[in-house]
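Student: I should like to learn how features of a protein model are read from its atoms. Could we work through one case at a time?

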Amino acid sequence: MLSNIYDRDIFLSLSLISDVGTSVSLTALVQKNNTMTCISQDGKFSLGEHTLSVPMELYKLNRERLCKRLSEVVDKDAYVLLQGGSNVSHYCTDVDYVFRQEPYFHWTFGVSEPDCYGLIQVFSGEAHLFFPRVEEAHTVWLGKPLCLDEYKCRYKVNYASYVDTLAETLNALKPSLILTLYGKNTDSDLTCKEAHFEGIDSRTKCSLQIYLWVTRVHDSDHTLMSYTDLSIIPIQSWSAVLTSFNLENASIDLHKSSILITRHKISSDILFLNMSNGNTRTRSIDINSSIPTTAEAHSATAGVISSSITISSRSINDFTEEHFLKPRITSTISPSAFLRSVSFFRLFNLLTSSSLLIRVIKTDYEKEVMRYATKVTCNAHKSVMAKCKPNMYEYQCEANFLHYAYFVGGCRHVGYNNICCSGQNGAILHYGHATEPNSKEIRDGDILFDMGATYSGYTADVTVSFPANGKFTDDQRSIYNAVLAASRAVMNAIKPGVSWVDMHILANKVTLRGLREIDLVRGDVDEMYEAGLAAIFQPHGLGHLLGIDVHDVGGYLEGHPDRPLKPGVKALRTARNLEVGMALTVEPGCYFIEPLLKRALSDPALSKFLNEEVLKRFWKFGGVRIEDNIFVTERGIENYTPVPRTVEEIEEWMSKKEMVA
């Protein structure tokens, strides 16, 4: 019998390491290797011999994917400029929060340090990293920083410099276009921080940009080049293609046009769309940067703008990016007028193409890190299950999870605030906030724990539901099995091309059938769903994209399905069709949330399906959620969430409590 409270953790960790193929000794597990650093000079991230070693090739491959995508959009002298995260103080104090790297910067470079910048030439993929210059006095508090050669070796980049040389470097490189990141996260509704550094203002310049959507080039009644043909024209070939036609007879159909006055030569939207998995391919032509006179501007846009717009060199300075003018749709513009406009402006020809995935589609390197983070998470959950008992507090179970994830798995961070809810708290979807900080005493009731460890920047997101005393009651078993059946139905149905909305609906209907089996609801399941009853018991979406962010990017983008409007499905964080390489959570649930139940009982369209007498038995039940992490494969899914799932598996695992002192 294991006598020490940590012996079971060590036993679990041996299983963890055997799965990732890394040799380990008991000494290495319990003691830190003092010679080990987070990232070694051979370019590998690791927290010790007992943890996963992550090569910097993961981030190099990400950069290569990004450059390959952008090379279809911009010319060879374009550069990507990204700014890393900065330390954040506790309000006005001199104490910082534990640093977490900005997600896009981490995805691209894997850098651990704050206040850095990264620069990539799109054509060659050459990468520059810029690190803050540490004053000598700071070494007393922060230690001696690495030298530039050490940074270069650590992160496997071509060049390493100090941040205060960034403007000088850009002047020497003379990029034709600098791509910065700027866009809105559809989960948080917050905007990415665009790169900014001292000296960037000297590179900004007023310029006029015209955005056109070209549908076809034609000569009289004969189409010379269709929408599809235009989508594959290289940027440099636009002028040659257009001038090859008879300028007197040929014309260009415009789907729509608009004018944007901006003070930036730097383009931000292209990079955001591409890194976030935009379906839109943006093509650009770099033009003379001089600002046209009023007469030239009108001449250049002759036939394009049907509304009256007055532009002068003086008034351009007064415009901001918020001044977006939308003239009426026009039919044609002559190639000569088109080329005159090209001679003055930077033109973005937006053409739809097949979905090119970057952050949404995971590489083999990324998958391996995510498997590891999830394996640590699952073993931490199993440790909690084995040690949990009535009269403990929720936060003690949370502390056990955090200890295991870091002590055994090397996961210093978690992907989100831990949700450790017992009893009725299980009906609070995002429990664990400041007002309810996982502080309730645990009784014999259900427990629902939603926690996920983060390793090398990638997070897991796993929920387990189990009874604190190790044995399911009949009612607990019924609700749990209804949710488990929904989870299994979805995972059996997932394959490339299926709609995530359809998977959500499938899960809801399977859960309703389970509730009907115990006479909690009555009637036709399809009618219940159409009436909105499923959203009463599961008001959240089926799951979400997963990766560096727990709610990873790419959920709602142009060219993909919009957010549904019906109850239940409107809470989905994505409505996309699934593709090979996507990482998602599958997390159906069933909750008894008092205000929602009261609303349903007062609504004749919903109350007719409810057996109020049986419902009273579950009024203070709380809830059940089962959350697995999956990859979409060519044949279906890979479920990489090794945790007890069936009632029998959970009860068997929890019966081993006596092994823990």
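Tutor: Let us begin with a single residue, bearing in mind that this is a predicted model. K387 has a relative accessible area of 14% and is buried, because buried means under 20% relative accessible area. K387 lies in helix α14.

Student: How many residues apart in sequence are K387 and C397, and what is the distance in space?

Tutor: Their separation in sequence is 10 residues, and their C-alpha atoms are 8.1 Å apart.

Student: Helix α14 has been named; which residues does the helix cover, and is T377 buried or exposed there?

Tutor: Helix α14 comprises residues 364-387, and T377 lies in that helix. With a relative accessibility of 0%, T377 counts as buried. Its surroundings can be read from contacts, that is, heavy atoms within 4.5 Å. Leaving aside residues up to four places away in sequence, T377 touches F401, M451, G452, A453, A460 and V462.

Student: Some of those partners may belong to strands. How is a sheet read, and in what order do β16, β17 and β20 stand?

Tutor: One reads the order of the strands and the sense of their pairing. Here 3 strands form an open sheet in the order β16-β17-β20, with antiparallel pairing. Strands β16 (419-422) and β20 (462-467) are at the edges with a single partner strand each, so one side of each has no neighbour in the sheet. From one strand to the next, the twist averages 10 degrees.

Student: How many bridges pair β17 with β20, and which residue is the bridge partner of D446?

Tutor: Strand β17, residues 446-451, pairs with β20 over 6 bridges in the antiparallel sense. The partner of D446 is P467 in β20. Of the residues that T377 touches, M451 belongs to the range of β17, and V462 to that of β20.

Student: Which strands form the open sheet that contains β18?

Tutor: That open sheet has 3 strands in the order β15-β18-β19, and the pairing is antiparallel. Its edges are β15 (413-414) and β19 (458-459); each has a single partner strand, so one side of each is left without a neighbour in the sheet. Strand β18, residues 453-455, is joined to β19 by 2 bridges. Y455 stands opposite Y458 of β19.

Student: How does one check the length of a helix, taking α3 as the case?

Tutor: The expected span is compared with the distance between the end C-alpha atoms. Helix α3 (residues 57-70) has 14 residues, and at 1.5 Å a residue it should span 20 Å; its end C-alpha atoms are 20 Å apart, which agrees. Several residues of α3 are buried, including L58, Y59, L66, C67 and L70. The charged residues R63, R65 and R69 are also among those buried in α3.

Student: What of the cysteines: how many disulfides are counted?

Tutor: The criterion is a pair of cysteine sulfur atoms within 2.5 Å. By this rule there are 0 disulfides. As for burial, C192 counts as buried at 15% relative accessibility, and C411 is buried at 2%.

Student: What can be said of the protein chain as a whole, in helices, strands and burial?

Tutor: The protein chain has 23 helices and 25 strands. Of its 661 residues, 53% count as buried. Among contacts with a separation of 6 or more, 76% come from residues 24 or more positions apart. The chain exposes about 29300 Å², of which carbon and sulfur atoms supply 52%.

Terms used. Residues numbered from 1 in each chain as written. Predicted model: local features only at pLDDT ≥ 70, side-chain atom pairs only at ≥ 80, totals over all residues. Heavy atoms only, no water. Pairing = 2+ DSSP bridges. Helix = DSSP H or I, 4+ residues; strand = E, 2+ residues; numbered from the N terminus. Axes fitted to C-alpha atoms, helices over the stretch in contact; angles between N-to-C directions. Buried < 20%, exposed > 50% of the residue type's maximum accessible area, 1.4 Å probe, protein only. Areas by Shrake-Rupley, 256 points an atom, 1.4 Å probe, with all protein chains shown as cover. Expected span 1.5 Å × (residues − 1).
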